[in-house]
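The following paragraphs lead the reader through a structural model, beginning with a single side chain and ending with a whole chain. Please keep the sequence and the model in view while reading.

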Amino acid sequence: MPRRELLLEDADTRDLTKLAGYEAIGGYASLRKALDMERQAVLAELLDANVRGRGGAGFPMGRKASFLPHPDDTPKPIYLVANADESEPGTFKDREILLRVPHLFVEGVVIAAYTIGSGHAFIYLRGEYLAEFEVVTAALEEARAAGYLGKNVLGSGWDLTVVVHRGAGAYICGEETGLLESLEGRRGQPRTKPPFPAISGLYASPTLINNVETLATVPKILELGGKKYARIGVENSAGTRVFSLSGNVVNGGNYELELGTTLRELIDEIGGGIPDGRELKAIIPGGSSVPVLTAAEVDTPLDFDSMAQAGTMLGSGAVIVIDDRCCMVQLGLRVAQFYMHESCGKCTPCREGTRWMVQLLRKIEEGEATQGELDVLLNVCDRILGNCLCPLGDAAAMPVASYVAKFRDEFQRHIDEGACPFGGESSLAGVLAPVDQHDAHLRSQIEVPGIRAERESLTEAHG
Amino acid sequence: MSGLYDAIRSVAARYPESRSAILPALRLAQQEHGGWLPPEAFRDVAEALELTPAYCRAVASFYDMFHLEPVGRHMVEVCTNVSCALVGAQQVLEAFEGELGVAAGETTPDGEVTLRTVECAGGCGWGTVVVVDHRYHEPVRPEDVAEIVRELRDAS
């Protein structure tokens, strides 16, 4: 499939971060077009485009927007929230959009807000993204000065305020109800659903939450027309996506491709293949929370249905390439450590289960696990799945269960041989996860030598 | 402290409910207090937002970017999540440990630099990602570490 860029088109050859550059390629024409249309007509274009959410879940954007009440039918304000809390491991594509085509994103925010009749939009931006904050803030200032947002947008009589809200380091705030809690000034712990945010979201008001890339697609849909946009890509997976390519690959980076492009094309032709003459072993196709694919599945197309048929998900479009130096038990341990660190603690299966997973995987990796403990690991995964308010627990259980299912021999060898078969030569050997750092930090606080030694022995005894 | 109070009130005015401003308020307070949040920082934020200090601490403790203990004047954060780990994040971390003479999670004895590992920073295709005082360095190889530490020492 040939490469096809929509969102990042022209960004290679021009500076689109400034308003003048963006206007020179027809920027904000889609907003003008939208303001000349009825809100329902704009929504119809989004429905025709059949664009599915780019954040991870893949829910059709037009349908999500159609769940909100008409502004005349609700006494409450309607909110738009842009989810820019990108933090799924392997994913860095929203950053690319924010840094290189910020006005495309802003235009998408304004059109989406107009479509649902909202006068207040929030951009929940990942706290670590400081450079992105500066670029987006500057773009908003320019857009405001040019009348694209603020009071009386382009003379339409409609007002829109946009506030950038910076997070402070919590993966769970990318989950939409965790995000809303955080934006309301609380710990980012997800809410029960229903009610869904479309009915009762931010400040218990109707709220549409869309990912950065999804919103950046909106001006392109209006430019092309929904029906024409829907013809890009493959059935049920319209359009392009910005794929984040990382891991053991020559040219890591973000690549915008038509949906339906195969993993092989992305990894070998665009990514330059595996470095150092190594062999492809496994591929995580949609961020660290999705089930793994083996090297034999490298011809799977990157679209929603093909990934589902292969037993995995397109997720956030983050493709992590893993070569034959990687121990799959260590991979499972590192993934589980991440989700343990990020579990908000609200639901027991996730809070306790991710800890169980880490402990069991560590025992397996160290060659100290019994046969039964491998079964316990799978049992813990099973008891997390579907038993929590949000998908974070599933995001730990699904990939780890898939590593066992697809690389069972490797797990078995750890048990049979009483040691890691890689013998310390795995690419992930000894990697220090933040969850393991706390002991080191504790030791650093103890300055009196005698007490320090005592505390260290205590930590070892209990650690 | 009235400067901080006014700054927090001004941020709070952007939101329909002032409690929404707790993250920006804590960020301002942390800057004011040398990179961490001592008990008086929670009192300041609580006063400005009409919350309790305990509530402010409970919220702060949820988020990785807020520090409840003193940290160095500079912060070096090494991503050791999967994509970075696959391309040698541990070797980069160990190079920093060697260069700074502290383990991950520790601060240098002169109080200049805190070194820590972090979860995915979002630069996976350009691993290993190292964040120095909120600025991304990518990719970082073990041989780049001495130069980064030198620049940090020169800056302080």
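The side chain of A:T91 reaches the backbone oxygen of A:E88 at 2.9 Å; such a polar contact is a pair of N or O atoms within 3.5 Å, where within protein one must be able to donate a hydrogen and the other to accept it, and residues adjacent in sequence count only if both atoms are side-chain atoms. With the side chain of A:S316, the side chain of A:T91 makes a further polar contact at 2.8 Å. This is a predicted model, in which local features need pLDDT of at least 70 and side-chain atom pairs count only at pLDDT 80 or more, whereas totals for chains, interfaces and linings use all residues. Residues are numbered from 1 along each chain as its sequence is written, chains are lettered from A and ligands numbered from 1 in the order in which they are written, and side-chain values use heavy atoms, with hydrogens and water left out.

A:T91 sits in the loop between β1 (79-84) and α5 (93-100) of chain A; helices (H or I, at least four residues) and strands (E, at least two) are DSSP runs, numbered from the N terminus. Its relative accessible area is 3%, so A:T91 is buried, a class that means under 20% relative accessible area, with exposed over 50% and partly exposed in between (1.4 Å probe, protein chains only). Which residues does A:T91 touch, not counting residues up to four places away in sequence? They are A:E86, A:Y129, A:S244, A:S316 and A:A318, together with B:G122 and B:C124 of the other chain, where contact means heavy atoms within 4.5 Å.

The contacts of A:T91 with B:G122 and B:C124 lead to the interface. The contact takes 70 residues from chain A and 47 residues from chain B. About 4600 Å² is buried between chain A and chain B, and carbon and sulfur atoms give 53% of this; buried area is the accessible area (1.4 Å probe) that two parts lose on being put together, summed over both. Between chain A and chain B, 26 residue pairs are in polar contact, both residues being at pLDDT 80 or more. On the side of chain A that touches chain B, helix α13 (residues 328-342) gives the most, with seven residues. That side divides into 32 nonpolar, 25 polar and 13 charged residues; Ala, Val, Leu, Ile, Met, Phe, Trp, Tyr, Cys and Pro count as nonpolar, Asp, Glu, Lys and Arg as charged, and the others, Gly among them, as polar.

Three salt bridges cross the interface of chain A and chain B, each being a side-chain nitrogen of Lys or Arg within 4 Å of a carboxyl oxygen of Asp or Glu. In one salt bridge A:E134 pairs with B:R135, and the closest N and O atoms are 2.8 Å apart.

Over all chains, the structure holds 37 salt bridges. Within chain A, A:R126 and A:E128 are joined by one at 2.9 Å, N to O, and A:R126 and A:E128 are buried. A:E181 and A:R186 also meet in a salt bridge, at 3.3 Å. Here A:E181 counts as buried because its relative accessibility is 13%, whereas A:R186, at 26%, counts as partly exposed. A third example joins A:D324 and A:R278, with the closest N and O atoms 2.9 Å apart. A:D324 lies in the loop between β11 and α13 of chain A and A:R278 in the loop between α11 and β9, so the pair ties together parts that are 46 residues apart in sequence. A:D324 is partly exposed at 29% relative accessibility, and A:R278 is partly exposed at 34%.

The loop of A:R278 follows helix α11 of chain A. In this helix (residues 263-270), A:L263, A:E265, A:L266, A:I267 and A:I270 are buried. An α-helix has 3.6 residues a turn, so residues three or four places apart point the same way. The cover over the buried residues of α11(A) includes β7 (240-247), β8 (253-258), β9 (280-284), β10 (293-294), α12 (304-309) and β11 (318-323) of chain A. Just after α11(A), A:G272 takes a positive phi of about 80°.

Chain B has seven helices and four strands, which run α-α-α-α-β-α-α-β-β-β-α from the N terminus on. Of its 156 residues, 56% count as buried.
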